[in-house]
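Me: I would like to learn how to read the features of a protein model, one at a time. Could you give me the general idea in each case and then show me where it applies here?

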Amino acid sequence: MSRAASHGPNQAVSALSERLGDLLALGDDAFVERGPALLQAAIRDPTFFDGVATDPAPADSYTRRKVVGDPGSHVVRFMEWPPGYSLLPHEHHGRPCFEVLVDGLLVVVDMVAHEAGHDEYELRILDSHVLHPGDAAVVDPRVNDIHAVYSPVRSRSLHVYPDDAAFAVGYCLGDNDRYTRTRFELDRDSSRP
Ligand SMILES: [Fe+2]
């Protein structure tokens with residue numbers, strides 16, 4: 001059994017979580033402006049990963065193991081992405097979040113939706129980012145709510161959310177290059193997405 005599972009978060013993880021909570025108390029701007037640097041600095045300490053691991057991702061889904069986070073509070077999750085995996089365009093919950101790539105490579109594409117009919121949307125690309133290990137990306141619904149993720153190789157990334165939401169809203173491609181919005185559930189406590 002891992003140290004995290006048997007004794008709770010290690011000291012480095014607990015310290016990070018406490019500092020992230022302090023940032024959130026200052027507001028979402030402080031959270032996204034200063035949080036990524038906090039996480040990047042935290043994982044440069046090798047003791048951060050004592051008892052911290054991903055669940056192995058099968059070929060057809062990513063995994064999202066909780067690292068630290070009390071119910072109703074902010075949470076850090078450790079994602080593993082299988083090679084050649086695409087996560088459909090999706091949006092979060094009106095609150096910003098951020099991630100730091102630990103290993104591998106991730107492509108993140110920011111998009112905006114325009115209503116093109118009854119529950120039909122066209123997506124337009126705003127920007128794209130190629131994340132290498134140590135790089136951070138911010139998802140801020142006030143700026144870039146919709147994004148898709150692609151992992152060309154097996155990759156692992158740490159994600160920080162201001163709350164541990166149980167669902168997300170995805171955009172599924174239908175006819176005529178248009179998308180429909182679909183709610184999908186997120187597994188909060190196990191290896192499944
Ligand atoms: Fe996302």
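Reply: Let us begin with handedness: a crossing is left-handed if the near helix is turned anticlockwise from the far one by less than a right angle, and right-handed if it is turned clockwise. Please keep in mind throughout that this is a predicted model.

Me: In which hand does H2 pass H3?

Reply: H2 passes H3 in a right-handed crossing.

Me: What else describes such a pair, and at what angle do the axes of H2 and H3 cross?

Reply: Two packed helices are described by the angle between their axes and the distance between the axes. Here the axes of H2 and H3 come within 7 Å and cross at roughly 165°. Angles over 145 degrees count as roughly antiparallel, and H2 and H3 are therefore roughly antiparallel to each other.

Me: Which residues of H2 meet which residues of H3?

Reply: On the H2 side they are Leu16, Arg19, Leu20, Leu23, Leu24 and Leu26, and these meet Asp28, Ala30, Phe31, Arg34, Gly35, Leu38, Leu39 and Ala42 in H3.

Me: How should I read a nonpolar core, and which residues have the most contacts inside the largest one?

Reply: A nonpolar core is a set of buried residues of certain nonpolar kinds, joined through side-chain atoms within 4.5 Å. The largest one in this model has 24 residues, and those with the most contacts inside it are Leu39, Phe48, Val67 and Leu158. At least two residues of this core are supplied by each of helix H2 (11-26), helix H3 (28-43), strand S1 (63-68), strand S2 (75-81), strand S4 (97-103) and strand S9 (155-161). The largest share, seven residues, comes from H3. A second, separate core has 17 residues, including Met79, Leu87, Tyr161 and Ala168.

Me: With which residues is Leu39 in contact, leaving aside its neighbours within four places in sequence?

Reply: With that restriction, Leu39 is in contact with Leu16, Phe98, Val100, Leu158 and Val160. Leu16 also appears among the H2 residues that meet H3, where Leu39 is one of the partners.

Me: Now the metal: which residues coordinate the iron ion?

Reply: When reading a metal site, look for the donor atoms, and then for where their residues lie along the chain. The iron ion is coordinated by the NE2 atoms of His90, His92 and His147, at 2.1 Å, and these donors follow the spacing H-x1-H-x54-H. His90 lies in strand S3 (residues 85-91) and His147 in strand S8 (residues 146-151), so the pair ties together parts that are 57 residues apart in sequence. Both His90 and His147 are buried.

Me: What surrounds Asp145, and where is its place?

Reply: Asp145 has its place in the loop between S7 and S8, and, leaving aside neighbours within four places in sequence, it is in contact with His90, Glu91, His92, Val139 and Asp140. Two of these contacts, His90 and His92, are among the residues that coordinate the iron ion. Because its relative accessibility is 21%, Asp145 counts as partly exposed.

Me: Is Glu80 buried or exposed?

Reply: Buried means under 20% relative accessible area, and Glu80, at 7%, is therefore buried. Glu80 is found in strand S2. Not counting residues up to four places away in sequence, Glu80 touches Thr54, Asp55, Pro56, Ala57, Tyr62, Thr63, Arg154, Ser155 and Arg156.

Me: Finally, how should I read the backbone angle phi, and what is the phi of Asp119?

Reply: Most residues other than glycine have a negative phi. Asp119 has a positive phi of about 50° although it is not a glycine, and it is found in the loop between strand S5 (106-117) and strand S6 (120-131). Asp177 likewise has a positive phi, near 60°, and is a residue other than glycine; its loop joins strand S10 (167-173) and strand S11 (179-185). As for accessibility, Asp119 counts as partly exposed at 31%, whereas Asp177 counts as exposed at 62%.

Definitions and conventions
Residues are numbered from 1 along each chain as its sequence is written. This is a predicted model: local features need pLDDT of at least 70, side-chain atom pairs count only at pLDDT 80 or more; totals for chains, interfaces and linings use all residues. Side-chain values use heavy atoms; hydrogens and water are left out. Buried means under 20% relative accessible area, exposed over 50%, partly exposed in between (1.4 Å probe, protein chains only). Helices (H or I, at least four residues) and strands (E, at least two) are DSSP runs, numbered from the N terminus. Contact means heavy atoms within 4.5 Å. Donors are N, O and S atoms within 2.8 Å of the metal (3.2 Å for Na, K and Ca); water is not among the atoms, so sites may look incomplete. Axes are lines fitted to C-alpha atoms, for helices over the stretch in contact, and angles run from 0 to 180 degrees between N-to-C directions. Angles under 35 degrees count as roughly parallel, over 145 as roughly antiparallel, 65 to 115 as roughly perpendicular and the rest as oblique.
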